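Colleague: Could you take one part of this predicted model and walk me through it closely? I would like a connected account that I can follow with the structure open beside me.

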Amino acid sequence: MIGTLLGLGSAVGFAVNSIITRRGVLRVSSNYIAVTSILTGTLFFLVILALTGHLFSLREIPWKALAFWILSGIIHFALGRTWAYRSIQFIGSNRSNVVTSLNPVVTIILALVILREEVNALMALGSSSRLQAPWWFF
């Protein structure tokens, strides 16, 4: 029950974020919003690390793990977030969220191509539900 409520709360939070972002990108550049969110996210992360006493624990993480985290952060925040904000700016939050909801399908395709993983029945079932875009999208 608590998982369902948290999932619903997460959906509401992301929906409100998308609506607020749409209003923001109508007034300023999507690049400005992306840079602002990256900087505030970094500051928030550092504050949480300091409050929990783990700020200097970063030295204990292997350098390869840190390199992959940095690379994923660049891809997610610098590219993905900027493009998501620009998508919201161009086509609106409803249509943009339909496209970005294809994330599991794209993830599976990339895992097949790059990591040479195999798709099991559960993965196919879960990703097939994402392929049904609403009629108004097209």
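Modeller: Helix α2 runs over residues 30-52, and its 23 residues reach 33 Å from the first C-alpha to the last, close to the 33 Å expected at 1.5 Å a residue. At its N-terminal end the helix is capped by S29, which places a side-chain oxygen 3.1 Å from the backbone nitrogen of N31, while just after the helix G53 takes a positive phi of about 80°. The buried residues of α2 are S30, I33, A34, S37 and L49, and they pack against α1, residues 2-25, and against α3.

On the α3 side, T82 is a useful residue to look at, and its place is in the helix formed by residues 63-91. T82 counts as buried because its relative accessibility is 14%, below the 20% cut-off for that term. Leaving aside residues up to four places away in sequence, T82 touches S30, N31, A34 and F77; of these, S30 and A34 are among the buried residues of α2, and N31 is the residue whose backbone nitrogen lies 3.1 Å from the side-chain oxygen of S29. A polar atom of the T82 side chain also lies 2.7 Å from the backbone oxygen of A78.

The two helices against which α2 packs also meet each other: the axes of α1 and α3 come within 9 Å and cross at roughly 75°, which means that α1 is roughly perpendicular to α3. In this contact S18, T21, R22 and V25 of α1 meet Y85, I88, Q89 and F90 of α3, and the residues involved divide into four nonpolar, three polar and one charged.

Terms used:
Residues numbered from 1 in each chain as written. Predicted model: local features only at pLDDT ≥ 70, side-chain atom pairs only at ≥ 80, totals over all residues. Heavy atoms only, no water. Helix = DSSP H or I, 4+ residues; strand = E, 2+ residues; numbered from the N terminus. Buried < 20%, exposed > 50% of the residue type's maximum accessible area, 1.4 Å probe, protein only. Polar contact = N/O pair within 3.5 Å; in protein donor to acceptor, adjacent residues only side chain to side chain. Contact = heavy atoms within 4.5 Å. Expected span 1.5 Å × (residues − 1). Axes fitted to C-alpha atoms, helices over the stretch in contact; angles between N-to-C directions. Parallel < 35°, antiparallel > 145°, perpendicular 65-115°, else oblique. Nonpolar A, V, L, I, M, F, W, Y, C, P; charged D, E, K, R; others polar.
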